[in-house]
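Below are my notes on the interfaces in this model, set out as numbered points. Please read them alongside the coordinates.

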Amino acid sequence: MICNVCQNNEATVHLTQMLEGEIKKIDMCESCAQKQGVDEPGMPLIDLLVGLGPSSSETSEEDETTPSTKRLVCQVCGNSLADFKKTGRLGCSHCYEVFANQMDPMLRSMHKGIKHTGKAPKHFKDDRATRDQLEKLEKKLQKAITEERYEDAAVLRDSIKQLSEQATPADEPSAHP
Amino acid sequence: MNLHEFLTPIQDICRRPGPFDRIVLTSRVRLARNLKDTPFPGRATKQQRDEHLQIIKPVVESLTSMKKGFSQELNDLADLDRQLLVERHLISRELAKKKQGAAFVLSKDETCSIMINEEDHLRMQVILPGLQVKEAWKAVDKIDTQLENKLPIAFSGRYGFLTACPTNTGTGMRVSAMLHLPGLVIAEHMQQTITAVNKLGLAVRGLYGEGTEALGNVFQISNQMTLGETEFDIIERLNKVVVQIIENEENARAKLLESNPEMVFNNIGRAYGILTNAHVISSKEAKNLLSLLRLGLDLGYFPEMDPEVVDELFIVTEPAHIQHRECKKMSPEERDIMRATQLRERLEGMQRPSMQVIAAKNDDRPDTGESDSSEDTQSDAQDGSGQET
């Protein structure tokens with residue numbers, strides 16, 4: 001029996017696991033098994049199968065999504081989607097943007113919500129407060145214009161201008177709702 | 001100054017009082033933080049980890065809370081000392097395995113410990129005696145605020161603080177309380193308690209956190225979720241649950257004493273007998289018996305004894321502490337002998353438990369339906385203590 005991963009060495013590690021009611025099997029040589037972290041308890045077989053592509057008998061849903069997303073690699077730390085799936089760890093702060101599509105469902109299954117409501121660094125809080133205030137002033141300005149209160153509008157326009165000059169540009173990922 | 005000159009003697013640490021410390025041993029709040037736009041420790045090269053260390057360490061050392069503190073790189077730390085710090089809960093088991101680029105900084109009183117290049121660039125924790133989760137949060141929050149002004153911390157408005165493991169994303173906060181619950185264990189209410197606590201989104205773990213056994217009837221209760229809730233809400237909820245468990249533990253003890261005092265006396269008496277007379281004892285058995293001794297102390301059966309001694313023995317009978325005292329590496333068998341020696345020495349002259357006064361009341365024990373179930377409990381518990389070797 002040949003190793004499913006490297007297609008080279010004799011397979012000595014045989015892994016069988018029940019996944020979603022189906023029995024999945026994989027045969028590997030010892031060095032591949034070690035590389036894949038087979039000895040770590042609770043390591044799901046699906047991660048291995050995803051990494052292998054369509055070498056196993058049938059293509060699961062997971063396999064179909066693989067070719068397009070597999071190439072996702074973080075530019076900052078070199079973490080790939082396969083790495084992320086295997087280790088369950090992000091490689092750097094930038095990974096949260098690179099794997100954004102995977103993050104939400106994952107975080108939803110782990111946490112109470114997917115929007116941070118706790119402590120924020122002071123400089124960030126200040127930015128957030130400024131943005132909130134700018135939004136309010138914009139609305140007031142629109143209202144003043146529609147109601148033809150042009151003197152009020154002029155005052156509002158000046159304060160908006162002043163405030164937006166103060167504010168530091170918001171960093172992109174933070175600007176999400 | 002080396003590590004051992006710096007560390008506060010265990011007996012002094014055990015003498016620090018805290019609210020509800022009969023049942024709550026310690027409260028801890030830990031925050032995970034990272035530098036932005038650079039690889040986390042698990043993804044960083046040796047060189048990058050060193051660079052991160054050079055950025056972070058001076059900033060951490062300059063914190064007001066770290067005045068007269070102690071810092072060391074893991075590279076310069078002997079294996080035994082690593083284990084010793086884990087046994088004192090000052091560093092994590094994960095950090096103890098690291099080498100290049102990893103370090104820790106301790107505050108003078110050792111209540112605050114900051115780990116650098118563990119799973120995240122920064123892991124900072126404050127541990128206080130008794131139930132003080134809110135106080136621990138205040139202390140670690142203050143440190144965090146000081147750091148955020150000096151380091152480029154990874155934060156997103158949407159996900160909060162960004163961490164290597166998505167289970168920490170958001171607040172990056174893990175709050176935990178270490179509880180001593182012999183009453184609930186003996187009364188066999190622990191499984192129920194764990195199920196109820198889990199339903200509230202809190203985890204119940206063993207003495208050394210994730211993946212460890214609940215030795216000596218010590219359980220760690222901590223939050224599992226870190227995103228979608230404020231720190232305040234998480235801490236409030238955990239505090240409420242712990243207060244409830246304290247009440248349940250007190251009730252379980254009272255009920256056991258009422259319905260089955262012999263079983264309680266038997267457990268405590270046997271623990272006393274073995275601990276003061278054993279010549280070979282494993283760490284696990286020592287912990288389980290010390291737990292019963294602690295219960296006996298709480299119930300007032302050892303009026304002469306200094307209550308902190310048991311907490312101290314909990315730590316000094318740990319493997320690294322024994323080896324450090326003897327200044328040599330020892331096999332598990334040698335340690336079991338030394339542990340027993342140390343216990344006999346430390347407990348020498350300890351008076352036998354005086355449980356007679358309450359025991360006299362046994363005759364008029366009401367024969368209610370409840371005694372059926374407690375009868376089962378009794379035999380199970382006896383089996384348990386009898387088998388322990």
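1. Between chain A and chain B of this predicted model, 27 residue pairs are in polar contact, counting pairs with both residues at pLDDT 80 or more. On the chain A side, the elements that give two or more residues to the surface touching chain B are α6 (100-110) and α7 (122-146). Of these, α6(A) supplies the largest share, six residues. Sorted by class, the side of chain A that touches chain B holds 14 nonpolar, twelve polar and seven charged residues.

2. The rule for salt bridges finds six across the interface of chain A and chain B. One pair to look at is Arg158(B) with Asp104(A), which form a salt bridge whose closest N and O atoms lie 3.0 Å apart.

3. As to extent, chain A puts 33 residues into the contact and chain B puts in 39 residues. Chain A and chain B bury about 3200 Å² between them, and carbon and sulfur atoms give 58% of that area. Within chain A, the residues that lose the most area to chain B are Tyr96(A), His116(A) and Lys119(A); together they make up 23% of what that side buries.

4. Chain B also has an internal interface that deserves a separate entry. The domain assignment splits chain B into domain 1 (1-8 + 29-170) and domain 2 (259-366). Taken over C-alpha atoms, the centres of domain 1 of chain B and domain 2 of chain B are 35 Å apart.

5. How many residues of each domain of chain B are in contact with the other? Domain 1 of chain B contributes six residues and domain 2 of chain B contributes seven. The two domains of chain B bury about 710 Å² between them, with 66% of it on carbon and sulfur atoms. Leu80(B), Leu84(B) and Glu87(B) account for 69% of the area that domain 1 of chain B buries against domain 2 of chain B, more than any other three residues.

6. On polar interactions between the domains of chain B, the count is four residue pairs in polar contact, both residues at pLDDT 80 or more. The salt-bridge rule returns zero across the interface of domain 1 of chain B and domain 2 of chain B. Helix α4 (residues 79-87) of chain B gives the most to the side of domain 1 of chain B that touches domain 2 of chain B, namely four residues. That side of domain 1 of chain B divides into two nonpolar, two polar and two charged residues.

Conventions
Residues numbered from 1 in each chain as written. Chains lettered and ligands numbered in written order. Predicted model: local features only at pLDDT ≥ 70, side-chain atom pairs only at ≥ 80, totals over all residues. Heavy atoms only, no water. Domains from an automatic or database assignment. Contact = heavy atoms within 4.5 Å. Buried area = accessible area lost by both parts, 1.4 Å probe. Salt bridge = Lys/Arg side-chain N within 4 Å of Asp/Glu carboxyl O. Polar contact = N/O pair within 3.5 Å; in protein donor to acceptor, adjacent residues only side chain to side chain. Nonpolar A, V, L, I, M, F, W, Y, C, P; charged D, E, K, R; others polar.
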